[in-house]
Amino acid sequence: MLYSAECNKECMPINRDYRTSWHVVGTHNGHDVWSPSREPGKIHGTTVGVHFESCIGCLKCIEVCPTNVFERMRLDSALVVDPMRESECILCLACEMVCPVEAIAVVSSGGSDKTLDSLLSFPDDLT
Ligand code: SF4
Ligand code: SF4
């Protein structure tokens, strides 16, 4: 559970294993919608997944994405972002790094998880 100064609710980080443990329950704007059950979808996108219940609509991912993957949208009255152009993603991981509530998971194939690990670790000669 994350508690962010920018989040006035209890924000659950995205389940990074959702592509293997959740189900596709529909499509929206050309991408899959995933859910842990047959209930309404909770994560939008496969290459770039956004957990709608955690997104606080800060729009930082839109600001940093070099290929304009995200589009803002309203979910009930809340502002969230939709990975409407996920096919344009170049796996740079900028969105994951700026998201204050860990609402985004970029697909791990292509080495993004390893890239993230390398970006977050110090070289041996600096430790
Ligand atoms: S990984 Fe990079 S290119 Fe892909 S959606 Fe995030 S910011 Fe955009
Ligand atoms: S950076 Fe995270 S919280 Fe902010 S709009 Fe993007 S997905 Fe939502």
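Select Asn29 to begin, and you will find this residue in the loop between S1 and S2 of what is a predicted model. The phi of Asn29 is near 50°, which is a positive value in a residue other than glycine. Most residues other than glycine have a negative phi. With 14 C-beta neighbours inside 10 Å, Asn29 counts as partly exposed.

Now widen the selection to the two strands on either side of this turn. Strand S1 covers residues 23-28 and strand S2 covers residues 31-35, and the two run antiparallel, joined by five bridges. Together S1 and S2 make a hairpin with two residues between them, and Asn29 belongs to that turn. To follow one of the pairings, pick Thr27 and look across to S2, where its bridge partner is Asp32.

Stay on S2 and select Ser35, which is found in that strand. Ser35 is partly exposed, with 16 other C-beta atoms within 10 Å. If you add Arg19 to the view, you have a pair that is 16 residues apart in sequence and 9.7 Å apart in space, taken from C-alpha to C-alpha.

From S2, move on to strand S3, residues 43-44, which runs antiparallel to S2 and is joined to it by two bridges. Here Trp34 stands opposite Ile43 in S3.

Next, show the whole sheet to which these strands belong. It is an open sheet of five strands, in the order S1-S2-S3-S4-S7, and the pairing is antiparallel. Which strands stand at the edges? They are S1 and S7, and each has a single partner strand, so one side of each is left without a neighbour in the sheet. Strands of a sheet pair through backbone hydrogen bonds, either parallel or antiparallel.

A second hairpin can be shown by selecting strand S5, residues 71-75, together with S6; these two pair in the antiparallel sense over five bridges. Within this pair, Met73 stands opposite Val80 in S6. S5 and S6 are separated by two residues, and the turn of this hairpin contains Asp76. Asp76 has a positive phi of about 55° although it is not a glycine. Is Asp76 buried or exposed? Asp76 is exposed, with 5 other C-beta atoms within 10 Å.

Now turn to the interior and select the largest nonpolar core, which has 22 residues, those with the most contacts inside it being Val50, Cys61, Ala103 and Ile104. S2, strand S4 (48-51), strand S6 (78-82) and strand S7 (104-106) each supply at least two residues of this core. Of the contributors, S7 gives the most, with three residues. In soluble globular proteins, nonpolar side chains tend to be buried together.

Cys61 deserves a selection of its own. Leaving aside residues up to four places away in sequence, Cys61 touches Phe70, Val81, Cys95, Val98, Cys99 and Ile104.

With Cys61 still highlighted, show ligand 2, which is surrounded by 14 residues, the closest of them being Cys55, Cys58, Cys61, Cys99 and Ala103. The shell around ligand 2 divides into 12 nonpolar residues, one polar and one charged.

From that shell, pick Cys58, which is found in the loop between S4 and helix H2 (60-64). Cys58 is partly exposed, with 18 other C-beta atoms within 10 Å. Adding Pro100 to the selection shows two residues that are 42 residues apart in sequence but 8.5 Å apart in space, C-alpha to C-alpha.

Then move to ligand 1, where 14 residues form the surroundings and the closest are Cys65, Val69, Cys89, Cys92 and Cys95. In this shell there are 13 nonpolar residues, one polar and no charged. Cys95, one of the closest residues here, is also among the residues that Cys61 touches.

Finally, zoom out to the protein chain as a whole, which contains four helices and seven strands. Read along the sequence, these elements follow the pattern α-β-β-β-β-α-β-β-α-β-α. Of the 127 residues of the protein chain, 28% count as buried. Among contacts between residues at least 6 apart in sequence, 46% join residues at least 24 apart.

Notes:
Residues are numbered from 1 along each chain as its sequence is written. Chains are lettered from A and ligands numbered from 1 in the order in which they are written. This is a predicted model: local features need pLDDT of at least 70, side-chain atom pairs count only at pLDDT 80 or more; totals for chains, interfaces and linings use all residues. A residue is near a molecule or strand if its C-beta atom, placed from the backbone, lies within 6 Å of it. Ala, Val, Leu, Ile, Met, Phe, Trp, Tyr, Cys and Pro count as nonpolar, Asp, Glu, Lys and Arg as charged, and the others, Gly among them, as polar. Two strands pair if DSSP finds at least two bridges between them. A nonpolar core is a set of buried Ala, Val, Leu, Ile, Met, Phe, Trp, Tyr and Cys residues joined through C-beta atoms within 7 Å. A residue is buried if 20 or more other C-beta atoms lie within 10 Å of its own, exposed if 12 or fewer, and partly exposed in between; C-beta atoms are placed from the backbone. Two residues are in contact if their C-beta atoms, placed from the backbone, lie within 7 Å.
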